[in-house]
Amino acid sequence: MPTNGHPSGPAAAAAGWAAAALADCRPESYWLDRADAPPATPRLTGGTGARLAVIGGGFTGLWTALMAVERDPSADVVLLEARRVGWAASGRNGGFCSASLTHGIANGIARFEAEMPALVRLGQANLDEIEATVRSRGIDCGFERTGDLAVATAPWQLDGLAAEAAAATQLQTSASSSSSNCLLYRSL
Ligand SMILES: Cc1cc2nc3c(=O)[nH]c(=O)nc-3n(C[C@H](O)[C@H](O)[C@H](O)COP(=O)(O)OP(=O)(O)OC[C@H]3O[C@@H](n4cnc5c(N)ncnc54)[C@H](O)[C@@H]3O)c2cc1C
């Protein structure tokens, strides 16, 4: 229990352990803090014009700009990034790439039960398209289609895992999905 706003007991021990484990870490993007990181693109200093301006150089903005140019190779597209492309969440995530759009089936059922067949189908299609894009563009990101493994670390988690497995089987059947999968695109 917190005492005067400070954790005590096991919480304090966990906080101390975490602080010690992170003591020599720097909050940098792994991908940009390397000798082989690509150089930053030049700053935009003057005015510019475009038919389409995309704000933000993370996955969302980059994918948007890429799709716009793929759809119309003559498209006039400018992508504006406030800091560096890949600087934010897209350059610092855990590296797993999952078909789930709902952070797990149980979570999805709890919130969007009626839409879950569609969400499972769209999540699979999304993952398939990510894989197809990585392969067709030769993106060197260690992409692997590994499957999805959930593990109980305490006996009380077993019932929940069994329920989730049953729901996954039923949903994937109703959504006509090809396979249950998840993949690592780079283990750091
Ligand atoms: C610690 C962490 C771990 C994660 N792990 C995973 C994982 O393992 N698997 C997974 O699928 N997802 C994971 N995620 C989520 C995933 O990384 C994000 O959902 C995804 O990267 C979001 O991409 P984005 O392009 O929308 O945003 P961002 O990558 O955050 O990019 C937004 C960009 O917009 C720029 N910007 C913002 N405002 C402006 C402005 N006004 N003008 C110009 N530029 C602007 C920012 O500088 C930034 O570069 C993780 C996220 C975090 C933070």
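## Briefing: fold, ligand shell and confidence

D128 sits in helix α4, which covers residues 116-136. The model is predicted. Its chain holds five helices and five strands. Mean pLDDT for the chain is 85, and 88% of the residues reach 70 or more.

**Overall fold**

- Along the sequence, the elements run α-β-α-β-β-α-α-β-α-β.
- The chain has 188 residues, of which 6% count as buried.
- Take the contacts between residues at least 6 apart in sequence: 69% of them join residues at least 24 apart.

**Helix α4**

- α4 has 21 residues, which at 1.5 Å a residue should span 30 Å. Its end C-alpha atoms are 30 Å apart, so the expected and modelled spans agree.
- Which residues of α4 are buried? They are M116, L119, V120, G123, Q124 and L127.
- Seen down the axis of α4, these buried residues fall within an arc of 135°, so they line one face of the helix.
- An α-helix has 3.6 residues a turn, so residues three or four places apart point the same way.
- The face turned away from the buried side of α4 carries the exposed residues A118, A125, E129, A132 and S136.
- Just after α4, G138 takes a positive phi of about 60°.

**Two partly exposed residues of α4**

- D128 has 14 C-beta neighbours inside 10 Å. A residue is buried at 20 or more and exposed at 12 or fewer, so D128 counts as partly exposed.
- D128 and A99 are 29 residues apart in sequence, yet their C-alpha atoms are 8.5 Å apart.
- R121 also lies in helix α4. R121 has 17 other C-beta atoms within 10 Å, so this residue is partly exposed.
- R121 and S100 are 21 residues apart in sequence, with 9.5 Å between their C-alpha atoms.

**Helix α1 and the loop after it**

- α1 covers residues 9-21. Its 13 residues should span 18 Å at 1.5 Å a residue, and its end C-alpha atoms are 18 Å apart, which agrees.
- Is α1 buried or in the open? The number of buried residues among its 13 is zero, so α1 lies largely in the open.
- P39 is found in the loop between α1 and β1, the strand at residues 52-55.
- P39 is exposed, because its C-beta neighbours within 10 Å number 6.
- P39 and R84 are 45 residues apart along the chain, and 9.7 Å separates their C-alpha atoms.

**The ligand shell**

- How many residues surround the ligand? There are 21, and the closest are G56, G58, S90, N93 and G94.
- The elements that give two or more residues to this shell are α2 (59-71) and β3 (96-98).
- α2 gives the most, with three residues.
- By type, the shell residues divide into nine nonpolar, nine polar and three charged.

**H103 and its loop**

- H103 is found in the loop between β3 and α3, the helix at residues 105-112.
- H103 has 10 C-beta neighbours inside 10 Å, so this residue counts as exposed.
- Phi of H103 is near 55°, a positive value in a residue other than glycine.
- Most residues other than glycine have a negative phi.

**Where confidence drops**

- Which element has the lowest mean pLDDT, and which the highest? Strand β5, residues 182-184, has the lowest at 34, and β1 has the highest at 97.
- Over residues 176-188, pLDDT stays under 50. For this stretch the model has 39 contacts beyond four places in sequence.
- Where pLDDT is low, the predicted coordinates should not be read in detail.

Key. Residues numbered from 1 in each chain as written. Predicted model: local features only at pLDDT ≥ 70, side-chain atom pairs only at ≥ 80, totals over all residues. Helix = DSSP H or I, 4+ residues; strand = E, 2+ residues; numbered from the N terminus. Near = placed C-beta within 6 Å. Nonpolar A, V, L, I, M, F, W, Y, C, P; charged D, E, K, R; others polar. Expected span 1.5 Å × (residues − 1). pLDDT = per-residue confidence, 0-100. Contact = placed C-beta atoms within 7 Å. Arc of directions from axis to C-beta.
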